Amino acid sequence: MTPMFDTENILIFDFGSQYAQLIARRVREQNVFCQLVRASTTAERVRELKPRGIILSGGPASVYEKGAPTCDPKIFDLGIPVLGICYGMQLACQLTGSKVVPGEHREFGRAICKVRDFDGLLAGVPEEMIVWMSHGDQVQNCASGSAGFVPLAATDTCPVAAVKHRTRPLYGLQFHPEVSHTPFGMQILHNFLYKICGCTGQWKLESFIEQTVAEIRQRVGKHRVICGLSGGVDSSVCAALLVKAIGSQVACIFVDNGLLRKNEAVVVERTFRDHFKADLHVISAQDRFLTALAGVSDPQKKRTIIGHVFVDVFKDESRKIHDAKFLAQGTLYPDVIESGAAADGPAATIKTHHNVGGLPAELGFELIEPLRDLFKDEVRRLGLELGLPENIVWRHPFPGPGLAVRCLGPVSFERLEILRAADAIVLEELKQSGWYKKTSQAFAVLLPVQSVGVMGDGRTYENAVAIRAVQTDDFMTADWSHLPYELLAKISTRVINEVKGVNRVVYDISSKPPATIEWE
């Protein structure tokens with residue numbers, strides 16, 4: 001769906017920074033719409049998009065290297081305010097006549113930045129502030145000539161930590177304002193967006209709901225829309241938005257594959273059938289999935305089998321819904337970016353489109369993705385605005401193949417029941433202790449090993465369960481959550497005492513990378 005906020009849009013040129021999406025999220029948090037675009041976007045295309053401002057992201061390269069990413073220098077002639085961050089600042093300076101060289105001192109981590117000019121970009125910040133640096137190169141001779149740059153701030157080892165051009169609305173920061181390690185970063189971004197670009201804060205979820213609802217109604221007309229509902233926050237918010245827009249014209253299909261968390265189907269049914277009065281089709285297909293998975297241990301084969309069976313089940317049910325022309329998916333903006341599906345977005349494909357895969361083409365449906373302009377945190381806020389209960393809105397991510405990839409080794413009903421019970425205890429204790437929202441994702445894993453134990457006066461030889469809990473902003477990297485020992489002890493005791501067949505609990509303290517968040 002095309003965003004309807006082009007009257008107040010910021011373009012973020014992506015030069016390969018690990019923080020590019022974080023910049024976009026920070027701009028959205030200031031109630032300003034923004035889009036990530038490829039670095040090669042031409043000045044002509046920028047003129048067509050009519051942004052209020054441009055941000056040049058950081059990146060891992062050096063601007064003087066052969067083959068380093070660059071941008072169309074004509075964007076600086078458009079009169080549109082530009083803010084370069086780290087690599088983006090160096091590139092802007094280089095393309096407008098300054099020199100960038102390897103610095104005598106590299107800066108990585110926190111640094112004290114001393115401000116010389118408090119007008120415009122740095123208004124409202126203290127004379128000395130902590131900033132987050134991540135660079136080895138530096139800008140030289142930035143003030144040469146009457147049309148050069150004016151240094152705005154410096155650190156002890158970086159004399160040009162922030163700049164502004166003498167005659168153009170062009171600014172640069174050698175540090176990263178988008179990270180939490182730069183305490184006044186949001187103030188600086190606010191200054192750029194509101195003082196320099198003249199934004200007024202039109203990007204609000206209330207307006208998004210109104211405009212998206214109107215757009216859905218216009219596009220759908222009297223036809224029906226099928227929504228694949230998984231129980232996760234993305235598909236749930238997508239379904240709730242569609243129900244608000246077209247009511248009973250939406251048919252939600254929820255496939256109970258027997259690989260769900262404890263009471264998951266009950267929660268979904270209660271929420272959408274009872275609360276939203278949605279046309280909900282619950283398909284009990286546990287036997288089909290478990291029969292197909294019998295004896296399979298390889299994680300990739302599990303995923304393939306589950307995907308094929310899901311498509312078959314979904315097809316069978318969708319054919320029963322007459323006059324269905326559209327299929328809705330809960331695709332988010334990061335999915336669009338990483339799959340290369342955005343018209344002007346970064347071209348590199350990190351992963352293919354997920355959710356219900358090739359179903360739209362196979363069944364002849366037109367695709368509706370009402371959340372494709374939103375980040376995860378925006379989707380959660382949208383869910384609350386639409387009236388979804390907090391226990392759905394704040395649910396931790398759950399893999400598409402479900403518990404099959406947390407049940408290491410062969411998948412069976414008995415092993416899934418053990419895992420389901422252990423996982424429920426983990427989540428229950430995290431919620432009761434207040435740690436559920438402090439962790440980004442947490443779950444139990446049933447290991448394909450047994451170990452010797454002692455219960456009462458008898459010897460046992462039973463299953464081991466691993467607990468995984470991580471903290472992350474983007475799920476690309478993650479650190480293990482430092483849960484209190486007392487909480488871990490309580491979880492372990494409960495799992496061993498209450499889940500028959502388990503005599504050992506271990507805690508996963510691996511970071512991503514080198515490990516992944518899921519075990520399979």
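Which strands does helix 1 (residues 20–29) lie across? In this predicted model, helix 1 lies across strand 1 (9–14), strand 2, strand 3 (53–56) and strand 4 (82–85), and it runs at about 160° to strand 2. These strands belong to an open sheet of 9 strands, arranged in the order 2-1-3-4-9-8-7-5-6 with mixed pairing. Strand 2 (33–38) and strand 6 (128–140) are the edge strands of this sheet, each pairing on one side only. From one strand to the next, the twist averages 20°.

Before the sheet is followed further, the chain as a whole may be described. Its secondary structure comes to 15 helices and 18 strands. The radius of gyration is 26 Å, close to the 24 Å that the globule rule gives for 520 residues, and the chain is therefore as compact as a globular protein of that length. The C-alpha trace spans about 80 × 65 × 40 Å along its principal axes. Of the 520 residues, 54% count as buried. Among contacts between residues at least 6 apart in sequence, 74% join residues at least 24 apart.

The pairing within the 9-stranded sheet can be traced strand by strand. In general, the strands of a sheet pair through backbone hydrogen bonds, in either a parallel or an antiparallel manner. Strand 5 (residues 99–115) pairs with strand 6 in the antiparallel sense over 12 bridges, and glutamate 107 stands opposite histidine 135 in strand 6. Helix 3 (residues 87–95) also packs on this sheet, where it touches strand 3, strand 4, strand 5, strand 6, strand 7 (149–154), strand 8 (162–165) and strand 9 (170–173). The direction of helix 3 makes about 45° with that of strand 6.

Strand 8 pairs in the antiparallel sense with strand 7 over 4 bridges and with strand 9, likewise in the antiparallel sense, over 3 bridges. Lysine 164 of strand 8 takes part in both of these registers: valine 150 stands opposite lysine 164, and lysine 164 stands opposite tyrosine 171 in strand 9. The connection from strand 8 to strand 9 is a hairpin through 4 residues.

A second open sheet contains 5 strands in the order 12-11-10-13-14, and its pairing is parallel. Why is one side of strand 12 (279–284) and of strand 14 (366–368) left without a neighbour in the sheet? Both strands stand at the edges and each has a single partner strand, so one side of each remains without a neighbour. Neighbouring strands of this sheet are turned by 30° against each other on average, direction ignored.

At one end of the strand order, strand 13 (residues 324–328) pairs with strand 14 in the parallel sense over 3 bridges. Here leucine 327 stands opposite leucine 367 in strand 14. Helix 6 (residues 233–246) lies across strand 10 (224–229), strand 11 (250–256) and strand 13, and it runs at about 160° to strand 10. Helix 7 (residues 264–275) packs on the sheet as well, touching strand 10, strand 11 and strand 12, with its direction at about 165° to that of strand 12.

Strand 13 also holds lysine 325. Is lysine 325 buried or partly exposed? Lysine 325 counts as partly exposed because its relative accessibility is 32%, and the partly exposed class lies between 20% and 50%. Leaving aside residues up to four places away in sequence, lysine 325 touches His223, Arg224, Phe365 and Glu366. Lysine 325 and valine 220 are 105 residues apart in sequence, yet their C-alpha atoms are 8.2 Å apart in space.

Helix 9 (residues 299–318) offers a check on helix geometry. At 1.5 Å a residue, its 20 residues should span 28 Å, and the end C-alpha atoms are 28 Å apart, which agrees. At the start of helix 9, a side-chain oxygen of aspartate 298 reaches to within 3.1 Å of the backbone nitrogen of glutamine 300. The buried residues of helix 9 include Lys302, Ile306, Val309, Phe314 and Glu317.

Further along the chain, asparagine 463 lies in strand 16 (residues 458–471). Asparagine 463 counts as buried because its relative accessibility is 12%, and the cut-off for that class is under 20%. With residues up to four places away in sequence not counted, asparagine 463 touches Ile418, Leu446, Leu447, Val449, Gln450, Gly501, Val502, Asn503 and Arg504.

Notes. Residues numbered from 1 in each chain as written. Predicted model: local features only at pLDDT ≥ 70, side-chain atom pairs only at ≥ 80, totals over all residues. Heavy atoms only, no water. Helix = DSSP H or I, 4+ residues; strand = E, 2+ residues; numbered from the N terminus. Expected span 1.5 Å × (residues − 1). Buried < 20%, exposed > 50% of the residue type's maximum accessible area, 1.4 Å probe, protein only. Polar contact = N/O pair within 3.5 Å; in protein donor to acceptor, adjacent residues only side chain to side chain. Pairing = 2+ DSSP bridges. Axes fitted to C-alpha atoms, helices over the stretch in contact; angles between N-to-C directions. Contact = heavy atoms within 4.5 Å. Rg over C-alpha atoms; globule rule 2.2 N^0.38 Å.
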